[in-house]
Amino acid sequence: MAVDFTAWLTDTTAIRCVLVEAVANVSGSDTTRYLSTKNYADTVAGRIYDPIVNAESVQLVERMSLDETPSMSFGDIEIYNVDGSLDSWLNDIWVNKSITVLVGDVRWLRSDFTTIFSGTIDDIDSRSAQTLNIKVRDKLQRLNTPLTETTLGGTSVNKNELIPLCFGECFNVSPLLSNPATLEYKVHGAAIESIIEVRDNGVPVAHTDTIASGKFTLSAQPFGQVTASVQGDKPVTWDTTVSKLVQRIVTGYGGANKFVSGDLDAAQLAAFDAANTQPVGIYLKERTNTLAVCNQLAASVGAQLVMSRLGKLQLLKVELPASGTAFAIDTNDIIDNSLSISQKLPVKAAFKVNYDRNYTVQSGLQTGIPEEHKDMYSLEWVSVTAQDATVKTNYSLDSEPVPVDTLLLTESDATAEATRLLNLYKTPRFVVTFTGTARLVELTLGQRVTLTYPRFGLGAAKEGQVIGLSIDWSNLTVKCEVII
């Protein structure tokens, strides 16, 4: 019979136990170490867990950023090593190995335990003579690697240059001259959708495309700088949305650490894709970090990469109201006198959003193209601004807003994003912090909540979104951060 985890959280007769399954490379072989906070045996697998974990140390932190930078969960798991018998563990290889943390009851089968963290080990160290500390990070660490290190090769002058990568649609990129003898240029390392147009100093020129290998060949020697507008990467289908491009990049690029399909929250990413259909594009010529590229894509629609507790990649947005059904939180869920305002966000009266990036800025073109085309090629970005005159006056906000760079392609989408940001921040926003009871342990990042409390204007239920969670599994309390 399946256990009721929600009911168990508030069960006073529960005998709670945390299991830690951590992999380390020992003498050249990956070995899983089975650890726990209490005596526990997996009767099905015939496995005994070593009760050497300090329960008070199992406090993993999850946080969304308010500026769309990547979120990483982190924490340390403390291991008792009073007699020094585990000193040899310091010489094992823990870096980038997997770790799973589960919680349940010592009377349960291992299969009834709930996973509360699935991630990566950063390393192991010792903070005192009596302990070892396993430092854990979420799987986003695996994306902190070069997106590609594939160079052109061969004997040409560009043999050591990285082959460029193009995802979505990109305007006026600088291709890589891959064969000077035949005037062959590459815009991507694999198949693409199409070459929209090739230009020589802004003038469209004849060319022959080989889209199966991401290249084109000029029909005549160019006079000046060669550029192209490209519809890029097409492994099977050509995709242009943030969710699909992020999934393509994290599973197709990044070397040995790249994700597999099992690392993705397919349902959440599909729902995000359905709600965020704006076309985007990015062109990469230099050595670039995989996580940074994905964050650029996500931030273009106000989102960020987050790993769930099950170790699945998600895309989340700070938004009010958030999507889904609101989870009601009131005084019964908040430990007395623990609620406070931890941050008041600055009110903003205007947002300027840059879009339709020009990847090759060309100033002073002397060719016979229309003047408006010369102007277009001389600017890196096109921009739109959304503003509220009343807010600007009331708060005496006179300065020009700092542009928000995006990878959006169309004016309508850029205008919609600027308006969304304005609506979010033109009224005072607060981050409320409080310690919650066991009922709130099942909250997740990005979740929609309503908050009712007899302070700070929360007397009537107010919309909020969970942006931070720190759960103490030793006493089943959770420190919550909610933006309202």
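Arg-127 is exposed, with a relative accessible area of 58%, where exposed means over 50% relative accessible area, buried under 20% and partly exposed in between, for a 1.4 Å probe and protein chains only. The model is a predicted one, in which local features need pLDDT of at least 70 and side-chain atom pairs count only at pLDDT 80 or more, while totals for chains, interfaces and linings use all residues. Residues are numbered from 1 along each chain as its sequence is written, and side-chain values use heavy atoms, with hydrogens and water left out.

Side chains of opposite charge can pair when their charged atoms come close. Arg-127 forms a salt bridge (a side-chain nitrogen of Lys or Arg within 4 Å of a carboxyl oxygen of Asp or Glu) with Asp-76, and the closest N and O atoms of the two are 2.3 Å apart. This pair links distant parts of the chain, since Asp-76 belongs to strand β6 (residues 74-80) and Arg-127 to strand β8 (residues 114-128), 51 residues apart; helices (H or I, at least four residues) and strands (E, at least two) are DSSP runs, numbered from the N terminus. Unlike Arg-127, which is exposed, Asp-76 is buried, with a relative accessible area of 14%.

The structure holds 24 salt bridges. Another of them joins the side chains of Glu-400 and Lys-352 at 3.7 Å, N to O. Glu-400 lies in the loop between α6 (389-394) and β25 (404-405) and Lys-352 in strand β23 (residues 350-355), so the pair ties together parts that are 48 residues apart in sequence. Glu-400 counts as exposed, at 55% relative accessibility. A salt bridge is also formed by Arg-357 and Glu-380, with the closest N and O atoms 3.3 Å apart; Arg-357 is found in the loop between β23 and α5 (371-377) and Glu-380 in the loop between α5 and β24 (382-387), 23 residues apart. Arg-357 is partly exposed, with a relative accessible area of 27%, and Glu-380 is likewise partly exposed, at 32%. In addition, Lys-139, Arg-142 and Asp-263 are joined into one network by salt bridges that share partners.

In soluble globular proteins, nonpolar side chains tend to be buried together. The largest nonpolar core (a set of buried Ala, Val, Leu, Ile, Met, Phe, Trp, Tyr and Cys residues joined through side-chain atoms within 4.5 Å) has 68 residues, of which Phe-167, Phe-216, Val-242, Leu-297, Leu-305 and Leu-313 touch the most other members. Helix α7 (residues 411-425) gives the most to this core, with six residues. Apart from this core lies another, of 57 residues, among them Ala-22, Tyr-49, Ile-52 and Trp-108.

The largest pocket holds about 800 Å³ of space. A pocket is an open set of points, on a 1 Å grid over the protein atoms alone, where a 1.4 Å probe fits, with protein on both sides within 12 Å along at least five of seven lines, and lining residues have an atom within 4 Å of a point; grid points are joined across faces, edges and corners, and a volume is the space filled by probe spheres set on the points. Of the 36 residues that line the largest pocket, Lys-348, Phe-351, Val-402, Val-404 and Leu-421 are the closest to its centre. The elements that give two or more residues to this lining are α4 (290-299), β23, β24, β25 and α7.
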